[in-house]
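The exercises below concern side-chain packing and ring geometry, and each is followed by a worked solution. Please keep the sequence and coordinates at hand while working through them.

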Amino acid sequence: MAAAGENLKINKDRLWDALMEMAKVGPGVAGGNNRQTLTDADAEGRALFQTWCEAAGCTMGVDTMGNMFATRAGTDPDALPVYMGSHLDTQPTGGKYDGVLGVLGGLEVMRTLQDLDVKTKHPIVLTNWTNEEGTRFAPAMLSSGVFAGLHTQDWAYSRLDAEGKSFGDELQRIGWVGDEQVGARKMHAMFELHIEQGPILEAEGRDIGVVTHGQGLWWLEVTVTGKDAHTGSTPMDMRVNAGLGMARMTEAVHRIAMAQQPDAVGAVGHCDVYPNSRNVIPGKVVFTVDFRSPDLEKLTAMRVAFEEQAAEIAQDLGLGLSIEPSGHFDPVTFDDTCVSAVRSAAETLGYSHMDIISGAGHDACWINRVAPTAMIMCPCVDGLSHNEAEEISPDWAAAGTDVLLHAVLETAQVVG
């Protein structure tokens, strides 16, 4: 097997041009993107991506969840493909790089291999996973979850957005229902390049994050019920205030996460207050708790502690309480061989690097259940993500993509 030399690198300017061109599709209001899944903007971005892939010598396949697979043939027809990719959908006020870097970095790998006529034993496949963000249709990582067998396709198709439109109907409407069975593809390995979405790499002055683990997660939907009443005429000792219950439970979330330091986080990120009037004491509040940790014992302990403390708070205030899980996955340990390929690539190329734990969920976390998987991270300015001001440098993007190129080539086995 021939090895890829340290002088083999991608075209930094071409990569950046592709990122900026894709950013024109579904522009946000403040310099980022609003290319939510299964919107017209998503369809436009998909079409552009397909055009680019085919121009790079790839053939495109699409499965019945709309996952896109651009394939570059290998020399061995029996060798399982090496996959790479991420997602093109964004948050409503998303940045230009979250997910997109992993897809277009993979495209730049394909273009570089075509330019240099590099042949590999294993085919190489670039994937755009549908609905990673989970903003319009919950949960996140929906289509990779179906691929990995965590959800059924019927269940995924039945997910509704805020307007009551279903995932299945909207996928059909934008014309991206493919004919491949979801999950039928087999993988030799998969690599996902992503921005860190946190401040560690930039603070440490490192070019590359070698992702060894992914945090586990519990999302809990909490419904607190009290009694609507006039804020001006209801005595303080006669109130059944659901808003007060939420406030105390929010403080409990913070206290519980702090008690599990290090490597544990928790917050309340979304709430709906009813009737949401300035002069009515809230009669009902629905909010979500997000606990994360790479340590399963800590993750479980945080959920148990919150359920116990929330029940005590509700009882003290005379409130009704319901807690339902709305999302969960256990901590992820990425494949040692794939992680080593990432680390080796960074060292070969002379990029500074460090091991890191992913604080966010990614498609790779689900695919890791069905194939050897690893992730590569590059810094982002101030760790800011899920924000239109999200920013990276062309050098960071290029370094991450160079590492992706070398890790994929080591795994796919260069021929000749």
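**Exercise 1.** Decide from the relative accessible area whether F306 is buried or exposed, and then establish which elements are tied together by the pair of F291 and F306.

*Solution.* The model is a predicted one, and its computed relative accessible area for F306 is 0%. Because buried means under 20% relative accessible area, F306 counts as buried. The partner ring, F291, is likewise assigned 0% relative accessibility and counts as buried. Turning to geometry, the ring centres of F291 and F306 are 6.2 Å apart and the planes make an angle of 65 degrees, which makes the pair edge-to-face. Finally, F291 belongs to strand 12 (residues 284–293) whereas F306 belongs to helix 9 (residues 296–317), so the pair ties together parts that are 15 residues apart in sequence.

**Exercise 2.** Classify the aromatic pair of W129 and F147 by its geometry, and locate both residues in the secondary structure.

*Solution.* A search of the whole structure yields nine aromatic pairs. One of them joins W129 and F147, with 5.2 Å from centre to centre and 75 degrees between the planes; since planes over 60 degrees apart count as edge-to-face, the W129 and F147 pair is edge-to-face. W129 lies in the loop between strand 5 (124–128) and helix 4 (142–147), while F147 lies in helix 4, so parts 18 residues apart in sequence are tied together by this pair. W129 is buried at a relative accessible area of 1%, and F147 is buried at 7%. Ring pairs also link W129 and F147 with F69 and Y83 into a cluster.

**Exercise 3.** Find which residues have the most contacts inside the largest nonpolar core, and list the contacts of F49 beyond its neighbours within four places in sequence.

*Solution.* The largest nonpolar core has 99 residues, and those with the most contacts inside it are L19, F49, L104, F191, I392 and V403. Helix 12 (residues 394–412) supplies the largest share of this core, namely eleven residues. Once its neighbours within four places in sequence are set aside, F49 is in contact with M22, M60, M68, L88, V103, L104, L126 and N128. A second, separate core comprises 26 residues, including I256, F287, V289 and L299.

**Exercise 4.** Which rings have K284 and R303 over them?

*Solution.* K284 lies over the face of Y274, at 4.9 Å from the ring centre. For R303, the charged end sits over the ring of W218, 4.1 Å from its centre.

Methods
Residues are numbered from 1 along each chain as its sequence is written. This is a predicted model: local features need pLDDT of at least 70, side-chain atom pairs count only at pLDDT 80 or more; totals for chains, interfaces and linings use all residues. Side-chain values use heavy atoms; hydrogens and water are left out. A nonpolar core is a set of buried Ala, Val, Leu, Ile, Met, Phe, Trp, Tyr and Cys residues joined through side-chain atoms within 4.5 Å. Buried means under 20% relative accessible area, exposed over 50%, partly exposed in between (1.4 Å probe, protein chains only). Helices (H or I, at least four residues) and strands (E, at least two) are DSSP runs, numbered from the N terminus. Contact means heavy atoms within 4.5 Å. Rings of Phe, Tyr and Trp (its six-membered ring) pair if their centres lie within 6.5 Å; planes under 30 degrees apart count as stacked, over 60 as edge-to-face and the rest as tilted. A charge sits over a ring if NZ of Lys or CZ of Arg is within 6 Å of the ring centre and within 35 degrees of the ring normal.
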